[in-house]
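Biologist: Please take a close look at one part of this model. Begin there, then follow the chain outwards.

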Amino acid sequence: STELKNLMREKYIPNKREQLTRIKKSSASVIGQTTVEQVLGGMRGIRCMWWEGSELDAEKGITFHGKTIEECNRILPHGPEQGATQMLPESMMWLIMTGEVPTEKQVRALSADLARHSALPRHVDELIDNLPKDMHPMTSLSAAIASLSHNSVFSKQYSDGSITKDKFWEPAFDDSISLLAKIPTIAAKLYNRSKGVSKVYKADESKDVTWNFAENIGFGDKLPFVEMMRLYLALHADHEGGNVSAHSTHLVGSALSDPFLSYSAGLLGLAGPLHGLAAQDVLRFILQMHQWLPKNYTEKDVEQYLWNWLKDGRVVPGYGHAVLRKPDPRFTALHEFSSKSDSISKDPHWKLVDIVSRVAPQVLKEHGKTKNPFPNVDSQSGVLLHHYGMKETEFYTVIFGISRAYGVLPQLVWDRALGMPIERPKSLSLNAIEKMMSAQ
Ligand code: FAM
C-alpha cells in the first residue's frame, strides 16, 4: 500500500484537486431539479452526491471507471495460481481508488501488505469472545469494526491536532488499509466461533486476501471456491454512492468520524433485509421452496409458489432494484460463472434459482408493483456459497460486508483528500411541502 499511497499523494490527488478547483469556478450550474415525488420517494434519482469509483446505469448496470464487469474480470490481475481466471478484490479496489488498472506486481504487494496488517488488537478479540454466540454476525461485525476505532490513526492525529486538513486523507488511507486487512480476520473469527472452532488467523503474504480468508475458514484447499469468492468480493465492492451501505459510510465519514466508525455504520445499513440481508433471505426462500415443491416440479409449480408468497404480502427476495431496470449484470456474471461449472450447474438448489430467475420476472410483471421484475445480485450469490458447503445463511451478508469495504473506503479517502464538507441536506415537513406546492 506504500506505492498506492505515494501515487495518490504525487499523482492522483493533485490532479483531482485541480479538477475540483476548475469545477468550483462554475459551481452554480444546474444539474437537475427536485420534485415532491423524489422527496417522498426515498430521494430516487436526485443528483446530489459526489462519488468517483463506479456508476450505475438503469439499463446497463454497474461500471467501474467506465469498465464493465466483464472487462474488469478480463483486465484486472487475478490470483497467483496457474490458471486463476477471476479478478481479485484488491485489484478492484486499486481500480476504484485510482481509475487505473494496477500491475500484477502492485497487486501482489498490496495483498502482502494486507496480510501483514491482518492481526486484530487484543481488545477486538476479547470483544468478540464476549458477544452472544447467537447474535446476528452482522451486528457482531459492525461492533467489532467500530471497536477498531480505538486504534484509529485518523482519530488520534485529529484530536491531538497534529495534522492539517489537506493531510486528513493520509491517516484515513492508513485506517482504511488496516480495516481492509482486518475485516476478513473478524469475519473468519465470527464464522469459526459460530461453528465452535477456535483458530488464530494466519495470513500468508504470498497469497491474496481471498485465499487467506478461505484458508482460515476451512475452504483453502478448494480453488473453485476461492475463485468464486474472488469474483463475489470484487463484484459487490461498489454500486455507486446512493445505496444504503455506501451512502451511510460517506455520510458518517462527513462528520470526520474515522473510517472504522464510518464503515461500521455502513455495515448496519447493509444488515437490512431490503439491502444486503437479502443475500441470506434468498437462500432461505429457495430452500423452503425446494422443500415445498413436488419431486418432479414444473415451472407452473414454481409460479404457484411465487403467487402464494406474494399474496401473503411479502417481497420476493433477490428481485427488484431501486435503480436498475434490467437484470443485474452482477447476477449475470455469477450466473455465467456457475453455468460453466459442472458441479454447480448440477446442484438442485442452483437449478431452482435458475428456474426462478426465468419465472419470477413474469409473475412480478403481472403482480404489477415492482418497477424492476428482474433478479438482482442477491438472488444468485447465496446459492453459490451454499453449493461449496457454507450452509450458515446468516453469514452471507458478512461476506457482502467484506466486499463493500473495497468500494466505499477508497471513496472515504477521496472525501478527505478533497476536503469534502459535512453533509447537511435540507429537510421539509409535509406542511412545508404543501405550502410550497400551493405557492406554485
Ligand atoms: N417482490 C415483491 N414486491 C416488490 C419487489 C419484490 N422483489 N420489489 C419491489 N416490490 C414492490 C415494493 O415493495 C413496492 O411496493 P409498495 O408500493 O406496496 O411499497 C413496489 O413494488 C414498488 O417498489 P420499487 O419502486 O420497484 O422498488 P424500491 O426502489 O422501492 O425498492 C428494493 C427496491 C430492492 C428494496 C425492492 O425491489 C425489494 O424490496 N426487493 C427485494 C429485496 C431485495 O432483493 N433487496 C436487495 C437489493 C440488492 F440490490 C441489494 O441491495 N443488495
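**From one loop to the ligand**

Modeller: Leaving out residues up to four places away in sequence, Arg47 touches Ile31 and Gly32. Touching, or being in contact, means that two C-beta atoms, placed from the backbone, lie within 7 Å. This is a predicted model, so local features need pLDDT of at least 70, side-chain atom pairs count only at pLDDT 80 or more, and totals for chains, interfaces and linings use all residues. Residues are numbered from 1 along each chain as its sequence is written.

Stay with Arg47. Its place is the loop between helix 2 (36-40) and strand 1 (54-57). Helices (H or I, at least four residues) and strands (E, at least two) are DSSP runs, numbered from the N terminus. Arg47 counts as exposed because 10 other C-beta atoms lie within 10 Å. The cut-offs, with C-beta atoms placed from the backbone, are these: 20 or more other C-beta atoms within 10 Å is buried, 12 or fewer is exposed, and in between is partly exposed. Arg47 and Ile31 are 16 residues apart in sequence, and their C-alpha atoms are 7.2 Å apart in space.

Met43 is also found in the loop between helix 2 and strand 1. Met43 is not a glycine, but has a positive phi of about 60°. With 15 other C-beta atoms within 10 Å, Met43 is partly exposed. Elsewhere, Glu240 has a positive phi of about 65°, and Glu240 is not a glycine either. Its loop runs between helix 11 (223-235) and helix 12 (244-253). Glu240 counts as partly exposed because it has 18 C-beta neighbours inside 10 Å.

Now move on to strand 2 (61-64). Gly61 sits in this strand. It counts as buried because it has 24 C-beta neighbours inside 10 Å. Gly61 and Asp328 are 267 residues apart along the chain, yet their C-alpha atoms are separated by 6.3 Å. Beyond its neighbours within four places in sequence, Gly61 is in contact with Leu56, Leu324, Lys326, Asp328 and Pro329.

Pro329 leads to helix 16, where it is one of the buried residues. Helix 16 covers residues 329-339 and is mostly covered, with eight of its eleven residues buried. Among the others on the buried list are Arg330, Phe331, His335 and Phe337. The buried residues of helix 16 pack against strand 2 and helix 3, and also against helix 11, helix 17 (342-345), helix 18 (348-367) and helix 19 (378-387).

Return to strand 2. Lys67 lies in the loop that joins this strand to helix 3 (69-75). Lys67 is partly exposed because 18 other C-beta atoms lie within 10 Å. The C-alpha atoms of Lys67 and Pro102 are 14 Å apart, with their positions 35 residues apart along the chain.

Cys72 is in helix 3. It is buried, with 22 other C-beta atoms within 10 Å. Setting aside its neighbours within four places in sequence, Cys72 is in contact with Phe64, Lys67, Met87, Met92 and Leu95. Met92 and Ile145 have the most contacts inside the largest nonpolar core, which has 113 residues. Such a core is a set of buried Ala, Val, Leu, Ile, Met, Phe, Trp, Tyr and Cys residues joined through C-beta atoms within 7 Å. Past four places in sequence, Ile145 touches Leu179, Ile183, Ile186, Phe260, Tyr263, Ser264 and Leu267.

Next comes a helix pair. Helix 14 (residues 278-292) and helix 20 (residues 396-417) pack at an angle of about 150°, and their axes are 7 Å apart. Axes are lines fitted to C-alpha atoms, for helices over the stretch in contact, and angles run from 0 to 180 degrees between N-to-C directions. Helix 14 gives Ala279, Gln280 and Leu283 to the contact, while helix 20 gives Tyr396, Thr397 and Phe400. These residues divide into four nonpolar, two polar and no charged. Here Ala, Val, Leu, Ile, Met, Phe, Trp, Tyr, Cys and Pro count as nonpolar, Asp, Glu, Lys and Arg as charged, and the others, Gly among them, as polar.

Finally, the ligand. It is surrounded by 18 residues, the closest being Ala278, Gly320, Lys369, Thr370 and Lys371. A residue is near the ligand if its C-beta atom, placed from the backbone, lies within 6 Å of it. The shell divides into seven nonpolar, eight polar and three charged residues.
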